[in-house]
Amino acid sequence: MNEDEMWQAVRDCDAAFDGTFFYGVKTTGIYCRPSCKSKLPKRENVVFFQTREEAEKAGFRPCKRCRPDLLQYDPALELSERTKELLDQHFSDRIRLGRDMKGMGVSRKHLTQIFKQKYDITPSEYLTQVRIAAARQLLQDGSDIPDAAGMAGYENLSEFYDHFRRLSGMTPARYRQIFADNISRSILDTPIGPLRIIASQDAILGVEQAGREASDAGAQAEKIPADRILSGDASGELVKDCKAQLSEYFAGQRRAFDLPVSPEGTDFQKNVWKHLQDIPYGETRTYGELAAMAGNQKASRAVGMANHCNPILIVIPCHRVIGADGSLTGYAAGIEAKKFLLSMEKRTTA
């Protein structure tokens, strides 16, 4: 949005833009939401901010009427979280998903804007990732390619093949074959929810969320002490090693993993994932900094997409990448899980 559009939203007291930006009034030193019902200030006295943190750093105080400092007054946040919930739940049902998305009551453009601000990815990009993740799991379990595509929400096989190659760096047939040969897997219950570990005889292929919605991760983090992590039966020495090292990590006894990893993806994705492993325990990097580490500072958006597609959670620490403003952007196991991991590492280093 440019400043003319933001000013028009302020003039209209348009609540649809709450959370998208904030405005400060120089004569009072107060900042507000676009929907604030206070007296309209003069345009020359108004400055705009993308976040509440920017406004407060500039010396503005939150308005006591619209309370821009309180999350529960942030409908944009609720809207983006509700959108993600719908995409997670109904990705395979195009008709229901389309109907429910229309029922959100906002334009597609505005919804895309606030969703990207929250998760650093557009709703359509996120939907593609959810569908391909579901298709991968189906292929791992032996489903035929057309069945996997259909159950993941695809009506067009060409579109499915295109998305699968772009996010996985290989054809669905090749992916299915890899997981048909000498693959071991097991489930590890952890403070952020159950994780599925997948390995060949030579390397870890995947550490992924299993059997629980990401929104439950925060509650699980409170319920399961690190010293009571449970593990199911495992087959394969690498799976056993991975489970043992992850258990040590959650108990605060391990800061680096000694495991061979072989994530499947494009050359670009593999380069990003390699540099993720260079981020030290207890530290974070922004997407821009990760892009610079990967050799292309201008590719922060592409780097963000690769980060979101990381198939080996924690061992390849994509949770250590944050927004430029310090915000916790999207994570496969959920924002609460990401917050838990970063807080745990910070406490351990302290």
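This report describes the sheets, some helix contacts and several single residues of a predicted model.

## Basis and confidence

Residues are numbered from 1 along each chain as its sequence is written, and side-chain values use heavy atoms, with hydrogens and water left out. Because this is a predicted model, local features need pLDDT of at least 70 and side-chain atom pairs count only at pLDDT 80 or more, while totals for chains, interfaces and linings use all residues.

The term pLDDT stands for the predictor's confidence in each residue, from 0 to 100. Its mean over the protein chain is 85, and 91% of the residues reach 70 or more. Residues 212-234 have pLDDT below 50; this stretch has 42 contacts in the model beyond near neighbours in sequence. Contact means heavy atoms within 4.5 Å.

## The two sheets

Helices (H or I, at least four residues) and strands (E, at least two) are DSSP runs, numbered from the N terminus. Two strands pair if DSSP finds at least two bridges between them. In general, strands of a sheet pair through backbone hydrogen bonds, either parallel or antiparallel.

One open sheet has four strands in the order β3-β1-β2-β4, with mixed pairing. Its edge strands are β3 (46-49) and β4 (61-62), each with a single partner strand, so one side of each is left without a neighbour in the sheet. Strand β1 (residues 22-25) pairs with β3 in the antiparallel sense over four bridges, and Y23 stands opposite F48 in β3. Helix α1 (residues 3-11) lies across β1 and β3 and runs at about 105° to β3. Such angles run from 0 to 180 degrees between N-to-C directions, and axes are lines fitted to C-alpha atoms, for helices over the stretch in contact.

Another open sheet is formed by three strands in the order β5-β6-β7, with antiparallel pairing. Here β5 (184-188) and β7 (204-209) stand at the edges with a single partner strand each, so one side of each has no neighbour in the sheet. On average, neighbouring strands of this sheet are turned by 15° against each other, direction ignored. Five bridges join β6 (residues 195-199) and β7 in the antiparallel sense, and I198 stands opposite G206 in β7. Helix α11 (residues 237-250) lies across β5, β6 and β7, at about 25° to β5.

## Helix contacts

The axes of α12 (residues 267-276) and α14 (residues 300-308) come within 9 Å and cross at roughly 80°. The two helices are therefore roughly perpendicular to each other; angles under 35 degrees count as roughly parallel, over 145 as roughly antiparallel, 65 to 115 as roughly perpendicular and the rest as oblique. The contact is made by F268, Q269, V272, W273 and L276 of α12 and by A302, V303, A306 and N307 of α14.

The axes of α6 and α8 come within 10 Å and cross at roughly 90°, so α6 and α8 are also roughly perpendicular to each other. Residues of this contact include I132, A135 and L139 of α6 and F160, F164 and L167 of α8.

The table sorts the residues of both contacts by class. Ala, Val, Leu, Ile, Met, Phe, Trp, Tyr, Cys and Pro count as nonpolar, Asp, Glu, Lys and Arg as charged, and the others, Gly among them, as polar.

| Contact | Nonpolar | Polar | Charged |
|---|---|---|---|
| α12 with α14 | seven residues | two residues | no residues |
| α6 with α8 | six residues | four residues | one residue |

The buried residues of α14 are V303, G304, M305, A306, N307 and H308. Buried means under 20% relative accessible area, exposed over 50%, and partly exposed in between (1.4 Å probe, protein chains only). Among the elements that cover these residues are α5 (108-119), α12 and α13 (287-293).

## Single residues

Q245 is found in helix α11 and counts as buried at 9% relative accessibility. Leaving out residues up to four places away in sequence, Q245 touches R254, F257, D258 and L259.

G153 lies in the loop between α7 (145-151) and α8 (157-168) and is buried, with a relative accessible area of 4%. With the same sequence limit of four places, G153 touches F91, S92, R94 and R131.

R67, in the loop between β4 and α3 (75-90), has a positive phi of about 45° although it is not a glycine. R67 is partly exposed, at 29% relative accessible area. I314, in the loop between α14 and β9, has a positive phi near 70° and is likewise not a glycine. I314 is buried, with a relative accessible area of 2%.
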